[in-house]
Each structure stands twice: as C-alpha cells, then as structure tokens.
Amino acid sequence: MADRISDIWGSRTPYAQHGDWPDRVDLHLLDGVGEDEVNWVQSACVLCSNGCGMDVGVRDGQIVGVRGRVADRVNRGRLGPKGLYGWQANSSADRLTTPQIRRDGRLTEATWDEAMTLIAERSRQILADSGPLALGFYTSGQLFLEDYYALAVLARGGLGTPHLDGNTRLCTATSDAALKESFGCDGDPGSLTDFDACDTLFAVGHNIAETQTVLWMRVLDRLHGPDRPRLVVVDPRRTKVAEAAEVHLAIRSGTNVALLNAIQHELIEHDWVDHEFIDGHTVEFDRLAKKVAEYPPEKAAAVCGVEAADIRRAAEVIGSAERLVSTCLQGVYQSHQATAAACQVNNITLLRGMIGKPGCTVFQMNGQPTAENTRETGSNGDLTAMRNWQNPAHVRQLAELWGVPPEQIPSWGPPTHIMQILRYAEEGSLKFLWVTGTNPMVSLPDLERIRGVLSQERLFLVVTDAFPTETTDLADVVLPAALWGEKTGTFTNHDRTVHLSEQAVEPPGQARSDLAIFLDYAERLDLRRSDGSPLLPWRTPEEVFDAFKAATHDRPCDYTGLSYDKLRGGSGIQWPCNDENPDGTERLYTNQVFPSAIDYCEDYGHDLLTGAAQERKDFAALRAEGRAIFKAADYVEPAEPVDEDYPLLFTTGRTAYHFHTRTKTARAPELQDAAPEAWVEVSPADAARYGVAEGDLVRVESRRGRMEARARVSGVREGVVFAPFHYGSRAGAGHAANAVTQPTWDPVSKQPLFKTAAVRLTKLADSGGVPAPAPTTTASAPVEVTA
C-alpha cells in the first residue's frame, strides 16, 4: 500500500450527498508476512476518538499487523497512520512486565502479591486514619468500559470517595458539560452518516485532519464529490481543514464566545432561524436574542482580530444551509470560556433547527477512544449511566444496583475533578493517588507544580501503565498493565458506536488487565455489599459488561439490547440499543423531545460565567421538560491577557502522528520518525519581529515555566505561538509544552485551559541549516517567508 506517513489520508473515493461512503480497506503487515498467513481477530482502534473498526493480525502468538474492517459503519475499512502503525508499541522492548516497589528511593522488582499487599495495607491504614476523602483515583480515556465500571463501583460504592476522575477531563469534559447544559444530558445526538448527508460544515476549534484522520477522509471524499459541502472553519492556524474552507476565521485564541455571539446576532437579524422549532422545542430564546443583540460583527471583529465582513460571510453560509453539521474540539474545550463557547455552537444548531434529521446535528467531539465510557460508567465527573448527582432518586437507584446504602455513595457535591484532587494532595488532605493508563507528568498544565505535588513523600502514588513514563518515575508502586489487543472489552466512540475488542495475544511477562487489578484490589480490601456478598462479584469482562447493561436500563445510554455476541462479526452498534431499538439508534431527538425532564435529566445546569451549580428549583423555573435550552453568555477577557512582558499567546495541540504523551506512538518507528521532537510554530510576521528563521532554537517562556525547541515558521496566526503537547522530559530537556501552560480551568467543565497562556519568545541559536523537526504534511508545514 501507499506510504501513509507522507500520504496521511490515502486515496480519494468521492461520493455524492446522501450517498454511501465507498469502501476502502487499509492494511499494514510486518515485512514478509502475507495476509493469508495470519489469524484475524476483531477489534477497533484506540488511538483517536473515531473508533475505527479493525482486525488484528496474529501469527505465532504475536501481533503482526492490522486491517480496517470494511463492514464497520465508522470507517468502511479505512485506518489512519496511528491505527496502521501504532500497534507496534505492544511489542516494544521496554514494556513493563513485572510489578515494582520503591525501596530506599529506587524502584525495584516485586511480586504481584507484594505489590498488591502493600497497596491494600496502605489503603486500609489511610482509610482508618483519615477516611475515604484521603484516597483518589485518576484514570484514562483509553481503558475499556469494563475497567471503568469496576473502578467506579469500587471507588464510589466501595470506598465512598468522590475523588475519581479521568484524563478525559483534559480533552472532552467540556463536551459532556455543554451537552448537559443544552439538552439536559450527555451523548452526541448525531451520526457519522450526517457527514454524508449535510450540505454545510461548521468546524470550530477542530482540526479534523489531524485529530480524527479517518473522519477527515470522509469529509475529503465529500469535498471531492459532485456536490461539495460548504465549509466554515474557526482556527488560529491554517490547518488542512482551514485550507479547504470557504470561510476561515483565524481568530485570536480565547475569543470564541465573541465570535459565536456575532454569528448568532446575524442569524437572528436576518431571520435565518427556524421559528416553529424554537417555539415548540426550546426555552430561553428571548434571553439569548437579547444578549447576542449586543454583538454586531464589528464588535466581535475588534475582539477576535478578524474582518467583520468575514463574520457576516460565515453567518450567511451557516444561515443558508439546508443541512448543517457543526463540530467542536480542543480549540473550544481547552480555551477561554470553554463551556460557554461550546453552548453557543449548540445554540446555532438549535436556532437553525438542525437536529434529529439526516445531515443535521452538532458534534461535541471526543478526543480519546474511550472518553465516552468514562462518562457513561461514572469514572469521571458523572454518576453511572448519566445519572444526576443532585437527584436523590438517581443515587438510590445506584445504591440498589450496587447493594450499598445510598449514603455510601458521595453525592453531597459534584465528583472531584483532577485539578482539585491535586490541590488536595498538595495541601496534604489527599494521601493516596492511583494513576491508571495516563501520564500526568506530561499532560497536565504547569508541570513544575505537578512534579512537586506527585513527588511528596506524604503522598502514596500508585501508577498502572504498560511502559516507563515520566509519571512511573515518581511512583511508590508501579503495576504492569495489559494493553489493547491483550485483553477483551468494549468501548464507545463519539457518535455512540459501541465496539467489541477481543483479546488477540497474551500480555507480556506478568502484565495484567486493569480489570483484573481492580478486582484483586477490591478483594484484598474485602469490599462487600450490604448482604455480605462481594461488591465486585465478577470474574470476566463480559460479566462486568452485563452488570453495566443493567445499570443503564431506562437511561439515555441504554445498553440493555447489546451483548458480546451481538457485537461480534459485523459493525459496531450505536446506543441506545434496547427492546425499542434492537439494532441501535442512528441519531437522537428525531421526535424533537430532549432529556430535560426534571426527574430524568443528568444535570440541572450552571451559571456559565461563574460555574455555580443550579439547584432543582432553578432548573424547574426553566420549564424545559423535554425542550432544549438556549444558554446565553457574555464574552469576558481572559484571566491572563498579553502585555509588554508577555506579548504573545501560547496554544498547544496535536499532530497527526502522535497521540497524547507518545507513550504508544513514540514506540512505533514510522510515527516517531515522522515527528521525533518537539517544535514551536511562529507566524512569518512574528518570526521577522523576533529575528527567528526556520529551524532556529527558541525559548517560549510564561510566568510559570519555559520550553525550548526549534522554530517552524508556519501558517499560525500572528501573535500566536503553537507547540505540540505530546513531548515530555523523556523526549528531551525543555521539550514539554505544559511547562508553559497555566493551571486554570473552565468554571463549568473544570477542563484546564491549555490554549491561552501569555508568553514571550526568545531566539537562542541559529539553525545551522537544520529545519525544525515538525512535519511538512500537516498544519505544521513551513510557509515561504519573503523579505
């Protein structure tokens, strides 16, 4: 097949609106291995949120390749570069295969019994001395549903701690929050087939081409088809998506709300709204109309640094659409006023009545393959099966399912987010933290502070991972984990498609699945139900899946019609899947009824400016009861504006070739070679201003820290500096972008704001003729600088 490093998206298969996306099977096998020599095992990709169906090729007990599943509704056989090559990390020579315990300041090998006995004894001691609020858990967006559900029951129902969160807090907590604010519940309403049916796309802070490469293949095939959809893009960088746009709004980082208010102003001003839908199926329109009337395009243009005429053009494209799909990702979620901005995109969807119909939806996208499952299972800031922590009836339902008293489940306040968990650790009240499948010493903001927190002697740190990382380096106990392909489980993508991933090979050495580890821990702590039976009675992933199914009965994410057998052999299936929808549900709200009934909704909403949680009486006053909710918001200045000392805005992001902190992708040779080191992107104007040329070594410095890397003069907006966040200290001294970012978070979603730090730029050394190690095939491509 073609070189999919230089040709990221592969060959085109154009198709027309309302057509079926043509099949194209992507395959990669180790050299010398034939397709007929392997046993193919069903799975799906775990290296972005698209959830592409794939088969794992096995020969002689080893993974030797992958191919896309042509029957799968998500990808029709296609795979992106990370899916094609990333599986090689499983056989990396530096896999963790034996537990380790810190003795005399050094991590040394131990038996599983020694490691788990130490963890259990320390847990019991802390529980006895300080209670459950001294224990915390921080998990991933890359485990399986079964792992998360076991952890949620263990932490919330067994130990009674609210301190459980996922690293999905860093990528898509705002997706969850915005869907609850606007519709009453989590769960993206649309289907990936809406990209087949739409005539207009509105992408806000969403570099589809690199974050979800297979989804961009789908869009590219529409763009090359006979009835190309119109495209409006909001992004401070000239991404491949922006290059294809009819209107590209390269706004200043952190000004999304001002721009989106102006677009809504134009939609209402020109009567590009669906009055019948608004009157019959929404509340709070008058409040929204009054607020956005204050944001004519000229006002937003001054704030955002774009032309008022371009804002009007964007609004006209959106306003004249007959079938509109809107999308958001990190350019919204990790930026200033994250939830407020995401809600404005929801508002635009509602103003146009573009929901519940083919080609009409909003996607509050996810960033990780199993992010949706952290939310569904209750392993982040939610209760299991999209229940409302403020609703005592919902808490009682969980208590009955788990066989514990309702008061055992912490519901006196919202579940604790990771930045608050770390603050408790910093202050000393949290004494035990178990990190699973994530690398906070690269991914969290203000890394010097994070190092100080995690290095404290008074904090007992357990880390489960498959590889040595910057975080395992600090642990008191390290547990070796089985990876995808080495265990069985399910996971759900951003359009609610559930996939089954079968175990293809045995894990190396003594590595164990996360589920097996959690079950062992619960047994050692002797966690029990009120009737004396084990709290976690399961022994297989399928038993856990069936238990979770029961918990979802009559909830929005109803899995009761799914089973392992049903998920085998064909395509993934979208929830809700139940007696009413035995084949799954392609799109939600086709009857224009939303899950906002007061006794059913997942959340009562928040003040978008302060984050203050509304109470039941406040939500009742809206009289939503099955209608969607317009959420108005004022634009406010960011907490850290640029000034003379720090005159540039720093933003972070991803490249097509790496995933998160490179724990897996750095161990796939093709991917690592494509982006081996960190780099810093500056605009041609800023490069000239600071005397920086391609490949020069530069320092980016904020009030908290600095990073040093070679400069790429790219198509990023003037005044904005970009760096990929994937690289940590193991990639090279000074390469960590998150040494620079600020430790503030959105008031509603509690998602850290990685994209609005004020920085200064200093040239340190000439390039010596060596270009930056940035890809030339992506948004990081160099631009020609003219004198």
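**Exercise 1. Find which helix gives the most to the lining of the second largest pocket, then describe that pocket.**

*Solution.* Step 1: Helix H4 gives the most to this lining, with five residues. Keep in mind as you work that the model is predicted.

Step 2: Place the helix in the sequence. H4 covers residues 173-183, and helix H18 (418-427) joins it in supplying at least two residues each.

Step 3: Look towards the centre of the pocket. The lining has 31 residues, and those nearest the centre are Gly381, Pro414, Pro415, His417 and Lys750.

Step 4: Add volume and chemistry. The second largest pocket holds about 530 Å³ of space, and its lining divides into 12 nonpolar, 12 polar and seven charged residues.

**Exercise 2. Describe the largest pocket by its volume, its central residues and its residue classes.**

*Solution.* Step 1: The space in the largest pocket comes to about 630 Å³.

Step 2: Of its 23 lining residues, Pro556, Pro576, Glu580, Asn581 and Tyr600 are the closest to the centre.

Step 3: Sorted by class, the lining has nine nonpolar, seven polar and seven charged residues.

**Exercise 3. How many cavities of 30 Å³ or more are there, and what lines the largest and the second largest cavity?**

*Solution.* Step 1: Start with the idea behind the search. Rolling a probe the size of a water molecule over the atoms shows where empty space is left.

Step 2: The count is 10 cavities of 30 Å³ or more.

Step 3: The largest cavity contains about 440 Å³ of space. Among its 34 lining residues, Gln142, Asn167, Gly437, Thr438 and Thr663 come closest to the centre. Its lining is made up of 14 nonpolar, 14 polar and six charged residues.

Step 4: The second largest cavity contains about 320 Å³. It has 25 lining residues, with Gly205, Asp235, Gln330, Gly331 and Lys755 closest to the centre. Here the classes are five nonpolar, 15 polar and five charged.

Step 5: Strand S22 (648-653) and helix H14 (330-333) each supply at least two residues of this second lining. The largest share, three residues, belongs to S22.

**Exercise 4. Work out which strands stand at the edges of the four-stranded open sheet, and why one side of each has no neighbour.**

*Solution.* Step 1: Write down the strand order, which is S1-S4-S3-S2, with antiparallel pairing.

Step 2: Strands S1 (27-29) and S2 (39-44) are at the edges; each has a single partner strand, so one side of each is left without a neighbour in the sheet.

Step 3: On average, neighbouring strands of this sheet are turned by 25° against each other, direction ignored.

Step 4: Now zoom in on one pair. Strands S3 (53-59) and S4 (62-68) run antiparallel and are joined by six bridges. One of the pairings links Met54 with Gly68 in S4.

Notes: Residues are numbered from 1 along each chain as its sequence is written. This is a predicted model: local features need pLDDT of at least 70, side-chain atom pairs count only at pLDDT 80 or more; totals for chains, interfaces and linings use all residues. Side-chain values use heavy atoms; hydrogens and water are left out. On a 1 Å grid over the protein atoms alone, a cavity is a set of points where a 1.4 Å probe fits but cannot get out, and a pocket is an open set with protein on both sides within 12 Å along at least five of seven lines; lining residues have an atom within 4 Å of a point. Grid points are joined across faces, edges and corners, and a volume is the space filled by probe spheres set on the points. Ala, Val, Leu, Ile, Met, Phe, Trp, Tyr, Cys and Pro count as nonpolar, Asp, Glu, Lys and Arg as charged, and the others, Gly among them, as polar. Two strands pair if DSSP finds at least two bridges between them. Axes are lines fitted to C-alpha atoms, for helices over the stretch in contact, and angles run from 0 to 180 degrees between N-to-C directions.
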